[in-house]
Amino acid sequence: MNTENNYGRLFSQIRIEKNLSLTDLAEDGLSRSLIGRFEKGQTKISADRFFRLLSKIQVTPDEFLFRQKNGQLPDYFRRLAERMQDGDGDSKNLAENRQLEKEVARDYAADPSNLAAKYLGILLHFINQSSDDVNSGQDDPEKIHKTFAEFKQASHEILKYLFNVEIWGKFEVYLYIGFSTAFDAQTRMLLLKSVLRSSDYFRNLSGQNDFADQDYKIILSVISSQIYDDLPTTKILLDTLKERLDLRPDIRFRAEYLFQLSLYEIAIGQEAKGQARAENVIRLWRLLEDEDEAATLSYFLQRFKKYLVKERQGIASELDRSIRLML
């Protein structure tokens with residue numbers, strides 16, 4: 001099996017974007033001159049050698065094909081992304097998550113160079129583990145805290161990957177969303193510019209409807225963690241989200257923005273104003289006959305207020321924060 005010549009041109013583009021030289025990639029069987037000729041379309045290389053090169057520049061075959069096909073993701077990659085974003089807690093969703101974790105594990109075992117399977121497999125494992133912890137009925141805070149501590153430890157490798165990748169594709173966007181709760185407040189903000197730039201790029205591409213509202217989802221996911229860690233940057237994020245909503249109005253995302261704004265107001269001491277705003281948003285969802293959303297927001301409003309009481313009394317612990325993030 002031989003790779004097509006146009007693969008070489010795209011490979012050269014990615015290598016240059018990552019500030020890697022031909023010498024950085026050369027090894028036995030892959031000389032500097034061979035790689036150079038491949039990039040220029042003067043020769044073909046075997047699939048095995050091509051996959052070795054992709055591994056060296058930390059790009060999965062899926063991600064390379066995504067670039068080569070101008071944004072058309074393989075079904076495998078798309079399914080992973082969808083499962084990562086699906087936050088429903090019903091039994092059908094949990095069963096599908098567990099099945100997908102098994103599929104990803106098989107794919108990674110068959111091809112250890114598949115970073116999509118490796119990293120998204122890590123995320124799926126902790127999504128499923130945290131679901132088991134919460135749904136076990138045993139209400140064991142220490143177990144939840146232990147799971148989150150392990151999640152944070154596992155995120156170090158993903159964080160290193162994100163900081164060293166100069167090209168943010170859909171893969172990196174989904175990794176950021178999935179692992180952002182494990183990052184500290186400063187790290188989230190450092191990476192946010194890159195992830196939003198990528199999100200905007202894909203949203204503006206023709207046929208990228210799956211990314212049309214990704215910037216909203218990204219900012220909301222960061223706010224939900226940042227509000228526990230750093231209120232000044234939370235305000236910046238809220239303002240950024242409002243600016244984007246003013247350009248592309250959406251009633252659901254505006255309601256989510258207003259709810260997060262209400263939590264921020266409560267956190268800075270404007271309890272009456274924030275409480276009233278939150279209740280209005282919850283009432284809106286009930287008027288729209290979305291009782292599940294209304295119930296979810298009511299639950300998180302109460303949990304957030306309980307956390308603030310502990311924080312203001314100086315008794316909030318890492319355990320409290322872990323439980324909040326995992327739930």
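## Helix α12

Helix α12 is mostly covered, with 11 of its 13 residues buried; buried here means under 20% relative accessible area, exposed means over 50%, and partly exposed is anything in between (1.4 Å probe, protein chains only). The buried residues of α12 are Gln214, Asp215, Tyr216, Ile218, Ile219, Leu220, Ser221, Val222, Ile223, Ser225 and Gln226. Helices are DSSP runs (H or I, at least four residues), numbered from the N terminus.

What span should the 13 residues of α12 have at 1.5 Å a residue? The expected figure is 18 Å, and the end C-alpha atoms of α12 are 18 Å apart, which agrees. That expectation is 1.5 Å times one less than the number of residues in the helix.

## A word about the model

This is a predicted model, in which local features need pLDDT of at least 70, side-chain atom pairs count only at pLDDT 80 or more, and totals for chains, interfaces and linings use all residues. Residues are numbered from 1 along each chain as its sequence is written, and side-chain values use heavy atoms, with hydrogens and water left out.

## Helix α11 and its bend

Helix α11 covers residues 185–204. Its 20 residues should span 28 Å at 1.5 Å a residue, and the end C-alpha atoms are indeed 28 Å apart. At leucine 192, α11 bends by about 35°, where the bend is the angle between axes fitted to the seven residues ending at that position and the seven starting there. Leu192 is also among the buried residues of α11, which include Leu191, Val195, Leu196 and Phe202. Thr187, Arg188, Ser198, Ser199 and Asp200 are on that buried list too.

At the start of α11, look for aspartate 184: one of its side-chain oxygens reaches to within 3.2 Å of the backbone nitrogen of glutamine 186.

## How helices pack

Helix α10 (residues 170–179) and helix α12 (residues 214–226) have axes that come within 9 Å and cross at roughly 30°. Axes are lines fitted to C-alpha atoms, for helices over the stretch in contact, and the angles run from 0 to 180 degrees between N-to-C directions. The helices α10 and α12 are therefore roughly parallel to each other, since angles under 35 degrees count as roughly parallel, over 145 as roughly antiparallel, 65 to 115 as roughly perpendicular and the rest as oblique. Their crossing is left-handed: the near helix is turned anticlockwise from the far one by less than a right angle, while clockwise would make it right-handed.

Turn next to α15 and α16, whose axes come within 7 Å and cross at roughly 160°. These two helices are therefore roughly antiparallel, and the crossing of α15 and α16 is right-handed.

## The loop after α15

Which loop holds glutamate 289? This residue is found between α15 (271–287) and α16 (291–312). Glutamate 289 has a positive phi of about 60° although it is not a glycine. Most residues other than glycine have a negative phi. With 75% relative accessibility, glutamate 289 counts as exposed.

## Residues distant in sequence

Several pairs are worth finding in the viewer. Aspartate 250 sits in the loop between α13 (231–247) and α14 (251–267) and is partly exposed, at 24% relative accessible area. Aspartate 250 is 34 residues from tyrosine 216 in sequence, and their C-alpha atoms are 9.8 Å apart. Tyr216 is one of the buried residues of α12.

Helices α14 and α15 offer two more examples. Leucine 258, in helix α14, is partly exposed at 27%, and lies 9.4 Å from glycine 274, C-alpha to C-alpha, with 16 residues separating them in sequence. Alanine 276 belongs to helix α15 and is partly exposed at 36%; from C-alpha to C-alpha, alanine 276 and serine 262 are 8.0 Å apart, and 14 residues apart in sequence. Finally, arginine 9 of helix α1 (residues 5–17) is exposed at 53%, and its C-alpha is 9.9 Å from that of glutamine 68, 59 residues away in sequence.

Technical notes: A polar contact is a pair of N or O atoms within 3.5 Å; within protein, one must be able to donate a hydrogen and the other to accept it, and residues adjacent in sequence count only if both atoms are side-chain atoms.
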